[in-house]
Amino acid sequence: MGTNIRISEEYKHGMFALAEFLKTNAKEFRKRMSESELTSFTNRRGSMVLDVVASRQRKYEQRVIPMVQKWEVFAEGSTLEIMVTKGCPAKIFGLRSGEEETIVKIASNFLEYGNLNGIRDENQICAKWAQEVEDMRFAYDLDPVVGGVKGIGLALFNYMRMLSGSDTIKPDVRVKKKLEELGFKVPKCDISVMFLCESIAQDLDISLVELDQLLWFDFIKDKYDDGAGMLFYTTESQSWKTIDKLNKE
């Protein structure tokens with residue numbers, strides 16, 4: 001996929017930076033992946049929905065995490081069922097207009113989706129949903145459970161999929177900014193950003209979730225060459241080496 005974008009100098013430059021970083025920081029990267037918070041919402045699916053909706057245009061560590069923790073104390077729990085029952089009062093938690101309705105609606109939709117599929121376990125409900133909407137990752141608004149709910153866009157839809165167990169990436173401001181810093185030409189359209197990320201992950205032979213986590217790192221802002229004679233590109237296979245192979249060199 002993405003054959004044409006691979007010939008651009010911007011793409012080569014960005015891939016060079018990523019490959020070099022992976023080679024010199026593979027151990028630290030693996031440690032980050034092993035400690036990733038992406039599985040922290042197991043048995044906390046009500047909190048997951050709040051986290052996703054609240055993450056739009058808010059600083060995650062400073063605002064979203066404390067908000068979720070505060071809600072769990074308020075609700076004395078963290079499940080979808082509790083979210084539907086007790087809600088998340090906007091005035092108490094500093095939510096914007098319409099956000100509480102979005103959160104409760106999605107939680108309710110998940111439970112209804114579970115009933116229709118004969119599933120009671122909330123983790124399994126979210127996992128099944130995320131798997132079934134894989135082919136709708138660009139057409140999020142056709143999904144009646146999450147994507148079609150007012151207040152949800154492409155980035156939040158795929159973030160919900162990610163936290164539910166799917167391999168995807170959230171094309172938010174952080175991702176775009178980091179890609180630009182690395183030298184990639186970043187399109188304005190979020191769908192195009194996702195396509196770009198899928199191409200990058202494929203060429204690095206890592207998952208989209210791994211790419212998402214990789215873009216949280218602070219990269220050393222050294223000058224790189226124009227990408228000619230890519231250090232970690234194998235002409236025999238016409239593909240990038242894996243993290244394991246990079247780490248062994």
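Student: What share of the contacts in the protein with a separation of 6 or more comes from residues 24 or more positions apart?

Tutor: This is a predicted model, in which local features need pLDDT of at least 70 and side-chain atom pairs count only at pLDDT 80 or more, while totals for chains, interfaces and linings use all residues. Residues are numbered from 1 along each chain as its sequence is written, and side-chain values use heavy atoms, with hydrogens and water left out. If contact is taken as heavy atoms within 4.5 Å, the share that falls to residues 24 or more positions apart is 64%.

Student: Which pattern does the protein follow along the sequence?

Tutor: Helices (H or I, at least four residues) and strands (E, at least two) are taken as DSSP runs, numbered from the N terminus. The protein has twelve helices and two strands, and reading along the sequence gives the pattern α-α-α-α-α-α-α-α-α-α-α-β-β-α.

Student: Which parts of the structure does the salt bridge between glutamate 99 and arginine 58 tie together, and how many residues apart are they in sequence?

Tutor: A salt bridge is a side-chain nitrogen of Lys or Arg within 4 Å of a carboxyl oxygen of Asp or Glu, and in this pair the closest N and O atoms are 2.9 Å apart. Because glutamate 99 belongs to helix H6 (residues 99-116) and arginine 58 to the loop between helix H2 (45-54) and helix H3 (60-75), the bridge joins parts whose separation in sequence is 41 residues.

Student: Is arginine 58 buried or exposed?

Tutor: Buried means under 20% relative accessible area, exposed over 50% and partly exposed in between, with a 1.4 Å probe and protein chains only. Its partner glutamate 99 has a relative accessible area of 4% and is buried, whereas arginine 96, which meets glutamate 99 in a salt bridge at 3.1 Å, N to O, is partly exposed at 29%. With a relative accessibility of 10%, arginine 58 counts as buried.

Student: What separates glutamate 181 and lysine 178 within helix H9?

Tutor: These two side chains form a salt bridge with the closest N and O atoms 3.5 Å apart; glutamate 181 is partly exposed at 41% relative accessibility, while lysine 178 is buried at 9%. Both lie in H9 (residues 173-182), three residues apart, so their separation is about one helical turn.

Student: Which residues have the most contacts inside the largest nonpolar core?

Tutor: A nonpolar core is a set of buried Ala, Val, Leu, Ile, Met, Phe, Trp, Tyr and Cys residues joined through side-chain atoms within 4.5 Å, and the largest has 41 residues. At least two of its residues come from each of H2, H3, helix H4 (80-86), H6, helix H7 (122-132) and H8. Leaving aside residues up to four places away in sequence, phenylalanine 110 touches, among others, Met48, Leu80, Ile125 and Val145. The residues with the most contacts inside this core are Leu50, Ile106, Phe110, Trp129, Val146 and Met160.

Student: Which residues does the second, separate core include?

Tutor: Buried residues make up 47% of the 249 residues in the protein. Apart from the largest core there is a second one of 25 residues, which includes Met15, Ile200, Leu208 and Leu214.

Student: How many salt bridges does the count come to?

Tutor: Besides the pairs already discussed, a network of salt bridges links Glu134, Arg137, Arg161 and Glu198. By the distance rule given above, the count of salt bridges comes to 13.
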